[in-house]
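Notebook open, coffee poured. I want to look up how the strands are arranged and where empty space is left inside.

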Amino acid sequence: MEKTTYRFKGKNILHHIPLRERQTIEAAMYQSLFSSDEWKKAKIIGVTLSQEHEWSTEPIIQEGWKAGKTIAAPRCLPKEKQLEFYQLDNYDQLERVYFGLREPKRDTKRFVEKNAIDLLLVPGLMFDAKGYRIGYGGGYYDRFIEGFRGKTMMIASEKQREEILPVEEYDQRVEYVLTEKGIHSTYSL
């Protein structure tokens with residue numbers, strides 16, 4: 001299958017999980033994440049601002065703030081197909097951009113250097129046993145992960161797992177996948 005087919009499949013999975021099941025899956029994910037060494041050791045956490053059909057990152061952001069962690073949220077640079085991260089201290093620092101996405105406003109005082117991020121929580125639609133993922137098709141996270149020295153962790157349900165996904169030369173692996181069954185190292189999946 002081509003990536004576009006997997007992308008469609010992943011979106012379909014996310015859109016058709018009943019609310020109660022979604023809440024159960026998310027609760028298990030959060031419990032695993034917040035009790036993990038990766039979370040406890042991280043001082044700066046990069047996390048996307050989820051859309052309605054995605055796994056909610058709001059509890060992650062809230063827990064990070066409560067725990068005194070620095071939360072860094074991405075801003076897309078469409079012309080360059082790059083991501084920049086900015087420290088997020090409250091939701092007033094966000095603005096609505098294309099497709100209704102929320103992103104941090106550009107502010108040089110709150111810019112977070114790529115390798116200052118200790119743990120990067122990566123969105124996606126599908127993942128495989130080697131840590132490759134199918135995202136939304138822009139390649140933003142693959143470009144960001146290349147040369148990134150922090151830990152990378154995809155947030156997904158077991159429903160989004162495939163044995164093998166098509167891989168292109170620029171695709172980057174994530175080190176961990178957070179699912180309702182816990183955190184799995186992609187080196188041992």
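My entries below cover the sheet, then the cavities.

**Entry 1: the model.** I am working from a predicted model, so I keep that in mind throughout.

**Entry 2: the sheet.** I started with the strand order. I found an open sheet of 8 strands that reads β6-β3-β2-β1-β7-β10-β12-β13, with mixed pairing. The edges are β6 (111–112) and β13 (182–185), and each of them pairs on one side only. A reminder to myself: strands of a sheet pair through backbone hydrogen bonds, either parallel or antiparallel.

**Entry 3: strand β2.** Is strand β2 enclosed or open to the outside? I checked burial for residues 70–77: 7 of the 8 are buried, so β2 is largely enclosed by the rest of the structure.

Next I looked at its neighbours. Strand β1 (residues 44–47) runs parallel to β2, and 3 bridges join the two. I noted Gly 46 with Ala 72 of β2 as its bridge partner. I also traced the connection: β1, helix α4 (residues 58–66) and β2 form a β-α-β unit, and it is right-handed.

With strand β3 (residues 82–87), β2 pairs in the antiparallel sense, over 6 bridges. Here Pro 74 sits opposite Phe 85 of β3. The hairpin of β2 and β3 has 4 residues between the strands, and I flagged Lys 81 there for its positive phi near 55°.

**Entry 4: the β13 end.** I moved to strand β12 (residues 176–179), which pairs with β13 over 4 bridges in the antiparallel sense. Val 177 has His 184 in β13 as its bridge partner.

**Entry 5: cavities.** How many cavities of 30 Å³ or more are there? I count 2.

The largest has a volume of about 100 Å³. Its lining is made up of Leu 14, Thr 48, Ser 50, Glu 54, Trp 55, Thr 57, Val 122, Pro 123, Gly 124, Tyr 136 and Ile 155. I sorted that lining by class and got 6 nonpolar, 4 polar and 1 charged.

The second largest comes to about 30 Å³. I listed Met 29, Tyr 30, Trp 55, Ser 56, Thr 57, Ile 60, Ile 155 and Leu 178 around it. By class, this lining has 6 nonpolar and 2 polar residues, with no charged ones.

Cross-checking the two lists, I see Trp 55, Thr 57 and Ile 155 in both.

Technical notes: Residues numbered from 1 in each chain as written. Predicted model: local features only at pLDDT ≥ 70, side-chain atom pairs only at ≥ 80, totals over all residues. Heavy atoms only, no water. 1 Å grid on protein atoms, 1.4 Å probe; cavity = no way out; pocket = protein on both sides within 12 Å on 5 of 7 lines; lining within 4 Å. Points joined across faces, edges and corners; volume = space filled by probe spheres on them. Nonpolar A, V, L, I, M, F, W, Y, C, P; charged D, E, K, R; others polar. Buried < 20%, exposed > 50% of the residue type's maximum accessible area, 1.4 Å probe, protein only. Pairing = 2+ DSSP bridges. Right-handed = clockwise from strand over helix to strand, strands pointing away.
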